[in-house]
Amino acid sequence: MTHVLDGDSFRVRQGRQIQTIRLYGIDCPEYRQHGWRQAKQFTKRVLARQRLIIQPMDVDRYGRTVALVYVDGRLLNADLVSDGWAWLYRRYCHAQPLCRELNQLEQNARAGKKGIWQKKKPMPPWVWKRKKYK
């Protein structure tokens, strides 16, 4: 069972435990930011499929498991970027060659004006949060 919190995080039940997963290397629009609903719906739609394979990469300061998530053999992290619903989170993406691949997927989504890239200059979530909480 999964419960999607937003485009890049969700809760999953493993046995009796509930674990919060944060997708590695990407950042989706925040609540009430342009594209946040679409990013969340994209993740919901993908996670509604069969089994997830969660590959932990780290634990963040909030205790969430930061992970690569595979669904039906596809990497959800990459699919969100490719479809234009997430930015490469350069500050935290260090696993190579994956981060170079995510960067290329973001450039392709920008060029194709997919998702958030339909707007001329979408504001990255980390900038949006800084402005919102000033």
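This report describes the fold, the strand pairing and the unusual backbone geometry of a predicted model of one protein chain.

## Overall fold

The secondary structure of the protein chain comprises 4 helices and 8 strands, and from the N terminus on these elements follow the order β-β-β-β-α-β-β-β-α-β-α-α. The radius of gyration of the protein chain is 14 Å, close to the 14 Å that the globule rule gives for 134 residues, so the chain is as compact as a globular protein of that length. Along the principal axes, the C-alpha trace spans about 45 × 35 × 25 Å.

Of the 134 residues, 43% count as buried. Among the contacts in the protein chain with a separation of 6 or more, 58% come from residues 24 or more positions apart.

## Surface and charge

The protein chain exposes about 8,400 Å², and carbon and sulfur atoms supply 48% of that area. The chain carries 28 positive and 11 negative charges, and the mean positions of these two sets are 6 Å apart.

## Strand pairing around β3

Strand β3 (residues 17-23) pairs with strand β2 (residues 9-14) in the antiparallel sense, over 6 bridges; within this pairing, Ser-9 has Arg-22 of β3 as its bridge partner. The hairpin of β2 and β3 has 2 residues between the strands, and in this hairpin Gly-15 takes a positive phi near 65 degrees.

Strand β3 is also joined to strand β6 (residues 65-71), in this case by 3 bridges and with the two strands running parallel. Here the bridge partner of Ile-21 is Thr-65 in β6.

## Backbone exceptions in the loops

Most residues other than glycine have a negative phi, and most peptide bonds are trans. Against that background, the peptide bond from Gln-96 to Pro-97 is cis, with omega near 5 degrees, and Pro-97 is found in the loop between β8 (87-88) and α3 (98-111).

Two residues other than glycine deserve a similar note for their phi values. Arg-32, in the loop between β4 (26-27) and α1 (36-47), has a positive phi near 75 degrees; with a relative accessible area of 62%, Arg-32 is exposed, because exposed residues are those over 50%. Lys-113, which lies in the loop between α3 and α4 (125-132), has a positive phi of about 50 degrees, and its relative accessible area of 54% means that Lys-113 likewise counts as exposed.

Key: Residues are numbered from 1 along each chain as its sequence is written. This is a predicted model: local features need pLDDT of at least 70, side-chain atom pairs count only at pLDDT 80 or more; totals for chains, interfaces and linings use all residues. Side-chain values use heavy atoms; hydrogens and water are left out. The radius of gyration is taken over C-alpha atoms; the globule rule is 2.2 Å times the number of residues to the power 0.38. Buried means under 20% relative accessible area, exposed over 50%, partly exposed in between (1.4 Å probe, protein chains only). Contact means heavy atoms within 4.5 Å. Accessible areas come from the Shrake-Rupley method with a 1.4 Å probe; for residues, only the protein chains shown count as cover. Lys and Arg count as positive and Asp and Glu as negative; His and the chain ends are not counted. The place of a charge is taken as NZ of Lys, CZ of Arg, CG of Asp or CD of Glu. Two strands pair if DSSP finds at least two bridges between them.
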